[in-house]
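Here are my notes on this structure, point by point. Please keep the 3D view open as you read.

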Amino acid sequence: MPDHSSRRSFLMISAALLLSGCKENKKTKPDKQIFSDPKFELIDLALQHEFGAVVQYGNHAGVIASLKQESNGITTAIEEIITDEVHHAVLLTQIMKENDVEPSIAVWPPQTAETPNLMIQKDIAAEVGAIKLYQQILSLDFDTQTKIIIEKIMQSEKLHHHMFSNLLLETV
Ligand SMILES: [Fe+2]
Ligand SMILES: [Fe+2]
């Protein structure tokens, strides 16, 4: 028979060690700054926007795939865009961590709609919002390397806008 009391003791000791480790971490790690510079609020907003796009486009790709006759490669195209948005989120998270600012894991509210056409319209609106946000970020005094990354992300959003505009024509 298994010895429940010794297993229980082992678990309690493990939990106590974990907790003491957490306390130790808190003591040794410097406090993270949240939005040490207001310009990082915009990077954080963009990060939330990227996470929201992943959820929204994932929903739209799946719903459209379920409507077999309307799918026509739309789902595959949206999945390609989702891959880009995940990469954008990784880049923004890296920028924030390298500047010692805690990156968000919040998600900008994703939206769905009744028909593929209405869904793609919402996706185009999301891309317009992203382009405006990155234009705003580029007007701030970030270092050159960050600006190069943000510029590349913005060009990617412009391509997405173009792709969704073409997909919209397929859903009419
Ligand atoms: Fe993006
Ligand atoms: Fe995008």
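1. Start with leucine 47. Its relative accessibility is 0%, so leucine 47 counts as buried. Buried means under 20% relative accessible area, exposed means over 50%, and partly exposed lies in between, with a 1.4 Å probe and protein chains only. Leucine 47 sits in helix 2. Helices are DSSP runs of H or I with at least four residues, strands are runs of E with at least two, and both are numbered from the N terminus.

2. What does leucine 47 touch, leaving aside its neighbours within four places in sequence? Its contacts are Ala89, Leu92, Thr93, Met96, Pro103 and Ser104. Contact means heavy atoms within 4.5 Å. Take threonine 93 as one case: leucine 47 is 46 residues away in sequence, yet the C-alpha atoms are 7.2 Å apart.

3. A word on the source. This is a predicted model, in which local features need pLDDT of at least 70 and side-chain atom pairs count only at pLDDT 80 or more, while totals for chains, interfaces and linings use all residues. Residues are numbered from 1 along each chain as its sequence is written, chains are lettered from A and ligands numbered from 1 in the order written, and side-chain values use heavy atoms, with hydrogens and water left out.

4. Now the overall fold. The protein has six helices and zero strands. From the N terminus, the order is α-α-α-α-α-α. Of its 172 residues, 35% count as buried. Among contacts with a separation of 6 or more, 82% join residues 24 or more positions apart. The exposed surface is about 10600 Å², and carbon and sulfur atoms supply 61% of it. Such areas come from the Shrake-Rupley method with a 1.4 Å probe; for residues, only the protein chains shown count as cover.

5. Next, the metal site. Which residues hold the iron ion (ligand 1) as protein donors? They are Glu50 (OE, listed twice), Glu85 (OE), His88 (ND1) and Glu157 (OE), lying 2.0 to 2.3 Å from the ion. Donors are N, O and S atoms within 2.8 Å of the metal (3.2 Å for Na, K and Ca); water is not among the atoms, so sites may look incomplete. The sequence spacing of these donor residues is E-x34-E-x2-H-x68-E. Glutamate 85 is in helix 4 (residues 74-98) and glutamate 157 is in helix 6 (residues 144-171). This pair links distant parts of the chain, 72 residues apart. Both glutamate 85 and glutamate 157 are buried.

6. Look at the second iron ion (ligand 2). Its protein donors are Glu85 (OE), Glu127 (OE, listed twice), Glu157 (OE) and His160 (ND1), at 2.0 to 2.4 Å. Their spacing in sequence reads E-x41-E-x29-E-x2-H. The two iron ions, ligand 2 and ligand 1, are 3.8 Å apart, and glutamate 85 coordinates both. Glutamate 127 lies in helix 5 (residues 116-138) and glutamate 157 in helix 6, so this pair ties together parts 30 residues apart in sequence. Glutamate 127 is buried too, as is glutamate 157.

7. Helix 6 deserves a closer look. At 1.5 Å a residue, its 28 residues should span 40 Å; the end C-alpha atoms are 41 Å apart, which agrees. The expected span is 1.5 Å times one less than the number of residues. Buried residues of helix 6 include Ile150, Met154, Glu157, His160 and Phe164. Their cover includes helix 2 (39-66), helix 4 and helix 5.

8. Then the packing. The largest nonpolar core has 21 residues; among those touching the most other members are Phe40, Ile43, Leu92 and Tyr134. A nonpolar core is a set of buried Ala, Val, Leu, Ile, Met, Phe, Trp, Tyr and Cys residues joined through side-chain atoms within 4.5 Å. Helix 5 gives the most to this core, with six residues. Another core of 17 residues lies apart from it, with Ile81, Ile120, Phe164 and Leu167 among its members.

9. Last, check aspartate 100. This residue is in the loop between helix 4 and helix 5. Its phi is positive, about 60 degrees, although aspartate 100 is not a glycine. Most residues other than glycine have a negative phi. Aspartate 100 is partly exposed, with a relative accessible area of 28%.
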